[in-house]
Amino acid sequence: MTTDLDAPWTRAEFEQRLRDKERYYHIHHELHVLMNTGQVEKPVIQGWVANRFYYQTAIPLKDAAIMANCPDRDVRRLWVQRIIDHDGTQGDEGGIEAWLQLGEAVGLTRDDLLSHRHLLPGVRFAVDAYVDFARRQPWEVAASSSLTELFAPTIHQARLDAWPEHYPWIEPKGYAYFRKRLAEARRDVEHGLAITLDYYRTRAQQERMLEVLQFKLDVLWTMLDCMWLAYVAKRPPYHNVGGRP
Ligand SMILES: O=C(O)c1cc(C(=O)O)c2c(n1)C(=O)C(=O)c1cc(C(=O)O)[nH]c1-2
C-alpha cells in the first residue's frame with residue numbers, strides 16, 4: 001500500500017510509468033492485430049468503422065465536459081482546439097466528417113454511421129462511461145485520461161502502412177482521418193502530459209493516475225471485445241435468441 005508519505009516519482013519516472021501502460025493499449029487487442037495484418041473480411045472492417053464512429057461523436061462531448069469544469073482560461077484556449085479538430089470549421093470540416101468519409105471509403109453510407117444502427121450496446125456503454133467520467137471528475141483528472149493518445153500515433157501509422165496493401169478495396173480518401181490525427185494526437189499529448197505531470201504530485205496521486213489511465217485503456221479494450229465477439233466470433237448480442245429485436 002502506498003501513502004502520501006512515499007516519495008513521489010520524479011516527472012521523468014512518472015512519465016515512464018505512464019508510457020509503460022502501452023502494453024495494455026488496444027493496438028494489442030486481437031481484433032486490431034487481425035485487422036492490421038490483413039486477416040479480416042470487409043464486414044469486420046465495416047463493423048469497426050461504424051462502431052468507432054460513436055467514439056468519434058463522443059470525443060467533443062467529452063472535451064466540452066472537461067472545459068465546462070475548467071476555470072482556467074489559458075487551458076481552455078488550448079483545449080478548445082480538440083473540439084474544433086473533430087467538429088471542424090468552415091473550410092476544414094474536421095475529424096467527424098473525415099470519419100464519415102472513411103465510412104464511405106469502406107462501403108457504408110453516411111446514414112449507416114449517423115443513425116448508429118450498427119452500434120453494439122457494449123460499445124455504447126463503454127464510450128458513454130468515458131463521457132460520464134469526464135463530466136464527474138475534476139477537469140485535470142479527466143484531461144489526464146486522454147493520455148492513451150500517447151500511443152495513438154503508432155496505431156494510426158500502422159493502419160496507414162498496412163491497410164492499403166491488405167484491403168485494396170478501401171478508397172484512399174478513407175485514410176485522411178488517420179493521417180490528420182498523427183500531428184493532432186502529438187500536440188494533444190504535449191498539453192495533456194503537461195497538465196498531468198503538474199497535477200499529480202504525491203506518490204499516492206501518481207498511483208491514482210495510473211488507475212485513471214487504466215480506466216481509459218479499459219474503455220478502448222472493451223469496445224474491441226464487443227466488436228470481436230460480434231464480428232469475428234459472430235456472436236452479436238442476442239445471437240442465440242434470433243438476433244436483435
Ligand atoms: O484510433 C485509435 O486507436 C485512437 C485511439 C484514441 C485513444 O487512444 O484514446 C483516440 C483516437 N484514436 C482518436 O482518433 C482521437 O481523436 C482521440 C481523442 C482521444 C481522447 O481521449 O481525447 N483519444 C483518441
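How far does a polar side-chain atom of Y177 lie from an oxygen atom of the ligand? I looked this up first and found 2.5 Å, taking a polar contact as a pair of N or O atoms within 3.5 Å. I then checked the cover and noted that the protein covers 100% of the 470 Å² of accessible area that the ligand has on its own, with areas from the Shrake-Rupley method and a 1.4 Å probe.

I record here that the model is predicted, with local features needing pLDDT of at least 70, side-chain atom pairs counting only at pLDDT 80 or more, and totals for chains, interfaces and linings using all residues. Residues are numbered from 1 along each chain as its sequence is written, and side-chain values use heavy atoms, with hydrogens and water left out.

I looked for other polar contacts to ligand oxygens: an N or O atom in the side chain of H26 is 2.8 Å from one such atom, and a polar side-chain atom of H86 lies 3.1 Å from an oxygen of the ligand.

I next listed the shell, counting a residue if one of its heavy atoms lies within 4 Å of the ligand. There are 18 residues around the ligand, and the closest are Y25, K62, Y130, Y177 and K216. I sorted the shell into 7 nonpolar, 5 polar and 6 charged residues, with Tyr counted as nonpolar and Gly as polar.

Which helix gives the most to this shell? I found that α3 does, with 4 residues, where helices are DSSP runs (H or I, at least four residues).

Finally, I read in the UniProt record, an unreviewed entry, that the annotation "domain: Thiaminase-2/PQQC" covers residues 17-225; this span is 74% helix and 0% strand.

Terms used. A polar contact is a pair of N or O atoms within 3.5 Å; within protein, one must be able to donate a hydrogen and the other to accept it, and residues adjacent in sequence count only if both atoms are side-chain atoms. Helices (H or I, at least four residues) and strands (E, at least two) are DSSP runs, numbered from the N terminus. UniProt positions are given in the numbering used here, feature names are shortened, and annotations may be inferred rather than shown by experiment.
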